[in-house]
Each structure stands twice: as structure tokens, then as C-alpha cells.
Amino acid sequence: MEGHPLRMSGSHLMLELHISVRKVFKKMKVFIIYDSIYGNTEKIAQAIGNGLTGEVKVVRVGEVNPTELKTCDLLILGSPVHGGRATPAIDAFIKKLPANSLQGKSVAAFDTRFESEDQGVGLRLLMSVIRYAAERIAKDLVKKGGRLVAEPEGFIVENKEGPLKQGELERASKWAKEMNE
Ligand SMILES: Cc1cc2nc3c(=O)[nH]c(=O)nc-3n(C[C@H](O)[C@H](O)[C@H](O)COP(=O)(O)O)c2cc1C
């Protein structure tokens with residue numbers, strides 16, 4: 001009976017209360033890591049960050065601090081699609097993550113890509129075969145122990161160097177908000 005709340009001393013009860021309140025209000029730490037050649041994926045990464053509450057960091061893949069990565073609750077990775085895949089820098093980053101290092105963490109993945117309907121028949125067919133980066137990244141993050149909390153998503157660029165299709169920044173924030181719910 002010693003630990004029963006009714007038998008606790010006042011100070012013990014206050015301590016318990018303090019711990020419970022901290023658990024409820026603890027800010028979720030979010031790490032958004034991206035690669036971007038022409039700046040479009042970077043803009044989407046920022047928009048995703050704006051859609052999330054908590055302690056959000058948006059960092060280019062080459063500038064990641066491994067200690068910060070260890071402490072995050074949600075890891076979101078994004079890349080431009082290059083030949084159906086993520087960029088070599090994103091692939092290398094995932095490969096370097098130790099086995100099971102994402103255990104206990106939520107994960108999600110996105111990419112920027114061409115709209116397949118805007119392409120000619122040949123390219124459309126090719127794109128349907130080689131697919132996209134986001135689904136590959138998501139699979140890899142799950143393999144490292146992460147728990148997928150959103151469907152992999154692609155955001156559309158009008159040309160190789162951009163711009164982003166109208167409304168994509170808003171769609172990115174909305175995609176992120178759904179993770180918070
Ligand atoms: C070498 C190269 C290969 C690409 N391959 C694809 C592709 O397979 N599928 C696709 O949808 N877009 C492809 N794209 C278009 C990129 O998705 C686009 O350049 C990117 O979204 C722009 O993002 P960024 O500004 O962050 O670099 C390719 C672009 C480059 C430069």
C-alpha cells in the first residue's frame with residue numbers, strides 16, 4: 001500500500017503530478033532531413049516543418065548532427081527523385097544508420113517529382129516502372145526500426161529546376177498536420 005496515491009506524502013504526490021504533466025506536455029522533437037539540388041525539396045521540407053508543432057529542426061542531409069538525430073521522436077526524410085530514386089547523399093545517410101537505430105521513433109518520407117500525367121507516353125511508362133524515391137526511403141526507414149506514421153508523399157515540380165506546382169507548399173503543410181493528429 002506504500003505506493004498508493006492516498007498514502008503518499010504531499011511532496012511525493014506533487015512530484016508524481018509534475019512527472020505526469022511533463023509527460024503530457026513534452027514537446028515532440030521533429031527532425032526533417034532533406035537533400036535538394038535546385039531548392040524545391042528544401043521549400044517543401046520547410047513547409048512540412050511549418051505544419052508541425054513541437055521542436056522542429058529542418059536540416060540539409062550533409063549537416064546532420066548525429067546526437068540530435070538520436071534524441072528525435074519523429075524523423076522525416078525528403079529527396080528530389082533522380083531516376084526513380086533518392087539522391088546518393090540521402091541513400092548514403094540511410095545506409096550509415098546503424099541497424100535498429102530508429103526503434104521507438106516515428107518516421108515519414110517525401111519526395112519532389114514530375115507529374116506523370118504531364119509526360120509523354122514513353123516517359124509516363126518509364127516512370128510507372130522506376131517509381132519514386134519516397135516509397136523507397138520509407139521502406140528503408142522501416143527496415144532500420146522506424147514506425148511509419150504517414151503514407152509516403154510526392155510533391156510536384158513543373159520542370160527539373162522547379163517551380164513547384166501551385167498549392168504544393170500548402171499540401172505539404174497539410175500532409176504534416178495529419179501526422180500530428
Ligand atoms: C538527374 C535527374 C533525374 C531525374 N529523374 C526524375 C525521375 O525519375 N522522376 C521524376 O519524377 N523526376 C525526376 N527528376 C526531376 C526532379 O524530381 C526535380 O529536378 C526535383 O524535384 C527538383 O528538386 P530540387 O529543386 O530539390 O532539386 C529528375 C531530375 C534530375 C536532375
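A residue counts as buried here if 20 or more other C-beta atoms lie within 10 Å of its own. By that yardstick, in this predicted model, helix H2 (40-50) has Asn40, Thr41, Lys43, Ile44, Ala45, Ala47, Ile48 and Gly49 buried. That makes 8 of its 11 residues, so H2 is largely enclosed by the rest of the structure. As for what does the covering, the list includes strands E1 (29-34), E2 (55-60), E3 (74-80), E4 and E6 (153-157), along with helix H7 (168-180).

Strand E4 (106-114) tells a similar story: 7 of its 9 residues are buried, so the strand is largely enclosed as well. Its pairing partners can be taken one by one. E3 runs parallel to E4 and is joined to it by 7 bridges, with Ile76 partnered by Ala108 of E4. Helix H4 (residues 88-96) belongs with these two strands, and together E3, H4 and E4 make a right-handed β-α-β unit. E6 also pairs with E4 in the parallel sense, over 5 bridges; here Thr112 has Phe155 of E6 as its bridge partner. Strand E5 (residues 147-148) pairs with E4 in the parallel sense too, over 2 bridges, and Ser106 is matched with Arg147 of E5.

Now to the ligand. It is surrounded by 19 residues, and the closest are Tyr38, Asn40, Thr41, Thr112 and Arg113. Of these, Asn40 and Thr41 are among the buried residues of H2, while Thr112 is the bridge partner of Phe155 in E6. H2, E4 and helix H5 (121-130) each supply at least two residues of the shell, and E4 gives the most, with 3. By character, the shell splits into 8 nonpolar, 9 polar and 2 charged residues.

Notes: Residues numbered from 1 in each chain as written. Predicted model: local features only at pLDDT ≥ 70, side-chain atom pairs only at ≥ 80, totals over all residues. Near = placed C-beta within 6 Å. Helix = DSSP H or I, 4+ residues; strand = E, 2+ residues; numbered from the N terminus. Nonpolar A, V, L, I, M, F, W, Y, C, P; charged D, E, K, R; others polar. Buried ≥ 20, exposed ≤ 12 C-beta atoms within 10 Å, placed from the backbone. Contact = placed C-beta atoms within 7 Å. Pairing = 2+ DSSP bridges. Right-handed = clockwise from strand over helix to strand, strands pointing away.
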